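Reader: I am new to this structure and would like to understand the words used for it. Could you show it to me and explain how each label is earned?

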Amino acid sequence: MRLNWSIFQWSMDAKARRALTVIRECVAEGCYLVLPHFTHRMEERGFFWPDVLAVIDSPSSVRDDGRDRYGRPKWIVAGKTADDLDIELVCAIDTDDRGRLTVFITLY
């Protein structure tokens, strides 16, 4: 699946644009981890992976959310699904022995 990564980046500050770029690259390269809590919340709310990809592809905002309990930078990526539902993804950016890794923590 080829996604359009350029939409809405102009409305973010440089730090948020860099974070979104890293998150997108991680997803495109398969360098991400979906925590069980994230999966549980998806099931609970009736969301599917394409909904997550839609938000990453066309976010309405990307906000710094400090650090997670492991000291990793944490970001909230907000947007709408294809069904026009609002959703926010909470993810952390980490580094493993192969490079960058995005950890999907929760969504609401």
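Reader: What stands opposite V34 in strand 5?
Author: V34 stands opposite F104 there. Do keep in mind that this is a predicted model.

Reader: How do you know that strand 1 and strand 5 pair?
Author: Two strands pair if there are at least two bridges between them. Strand 1 (residues 32-34) and strand 5 are joined by three bridges, so the pair meets the definition. The two strands run parallel.

Reader: What makes strand 4 and strand 5 a pair, and in which sense do they run?
Author: Here the cut-off is again at least two bridges, and strand 4 (residues 86-96) shares eight with strand 5. These two strands therefore count as paired, and their sense is antiparallel. One example of facing residues is L89, which stands opposite L107 in strand 5. Strand 4 and strand 5 also form a hairpin, with two residues between them.

Reader: How do you know that strand 3 belongs with strand 4?
Author: Seven bridges join strand 3 to strand 4, and at least two are needed, so this is a pair as well. Strand 3 and strand 4 run antiparallel. For K74, the bridge partner in strand 4 is A92.

Reader: What order do the strands take in the sheet, and why is the pairing called mixed?
Author: The five strands of this open sheet follow the order 1-5-4-3-2, with mixed pairing. Strand 1 and strand 5 run parallel, whereas strand 4 and strand 5 are antiparallel.

Reader: Why is one side of strand 1 and of strand 2 left without a neighbour in the sheet?
Author: Both stand at the edges and have a single partner strand each, so one side of each has no neighbour in the sheet. On average, neighbouring strands of this sheet are turned by 30° against each other, direction ignored.

Reader: Which helices lie against these strands?
Author: Helix 1 packs on the sheet and touches strand 1, strand 2, strand 3, strand 4 and strand 5. The direction of helix 1 makes about 95° with that of strand 5. Helix 2 lies across strand 1, strand 4 and strand 5, at about 45° to strand 5.

Reader: Why is I76 called buried?
Author: Buried means under 20% relative accessible area. I76 has 6%, so the label fits. This residue is found in strand 3 (residues 73-80). Leaving aside neighbours within four places in sequence, I76 is in contact with residues including V62, L89, V90 and Y108.

Reader: What makes strand 5 mostly covered?
Author: Of the nine residues in strand 5 (residues 99-107), seven are buried.

Reader: Which residues of helix 3 are buried, and what covers them?
Author: In helix 3 (residues 49-57), the buried ones are D51, V52, L53, V55, I56 and D57. Their cover includes helix 1 (14-29), helix 2 (36-45), strand 3, strand 4 and strand 5.

Reader: How much space lies in the largest pocket, and which residues are closest to its centre?
Author: The space in the largest pocket is about 250 Å³. Of the 13 residues that line this pocket, K15, A19, P73, W75 and I93 are the closest to its centre. Helix 1 gives the most to the lining, with four residues.

Reader: How do the residues of that lining divide by kind?
Author: Five are nonpolar, two polar and six charged.

Note on methods
Residues are numbered from 1 along each chain as its sequence is written. This is a predicted model: local features need pLDDT of at least 70, side-chain atom pairs count only at pLDDT 80 or more; totals for chains, interfaces and linings use all residues. Side-chain values use heavy atoms; hydrogens and water are left out. Buried means under 20% relative accessible area, exposed over 50%, partly exposed in between (1.4 Å probe, protein chains only). Contact means heavy atoms within 4.5 Å. On a 1 Å grid over the protein atoms alone, a cavity is a set of points where a 1.4 Å probe fits but cannot get out, and a pocket is an open set with protein on both sides within 12 Å along at least five of seven lines; lining residues have an atom within 4 Å of a point. Grid points are joined across faces, edges and corners, and a volume is the space filled by probe spheres set on the points. Ala, Val, Leu, Ile, Met, Phe, Trp, Tyr, Cys and Pro count as nonpolar, Asp, Glu, Lys and Arg as charged, and the others, Gly among them, as polar. Axes are lines fitted to C-alpha atoms, for helices over the stretch in contact, and angles run from 0 to 180 degrees between N-to-C directions.
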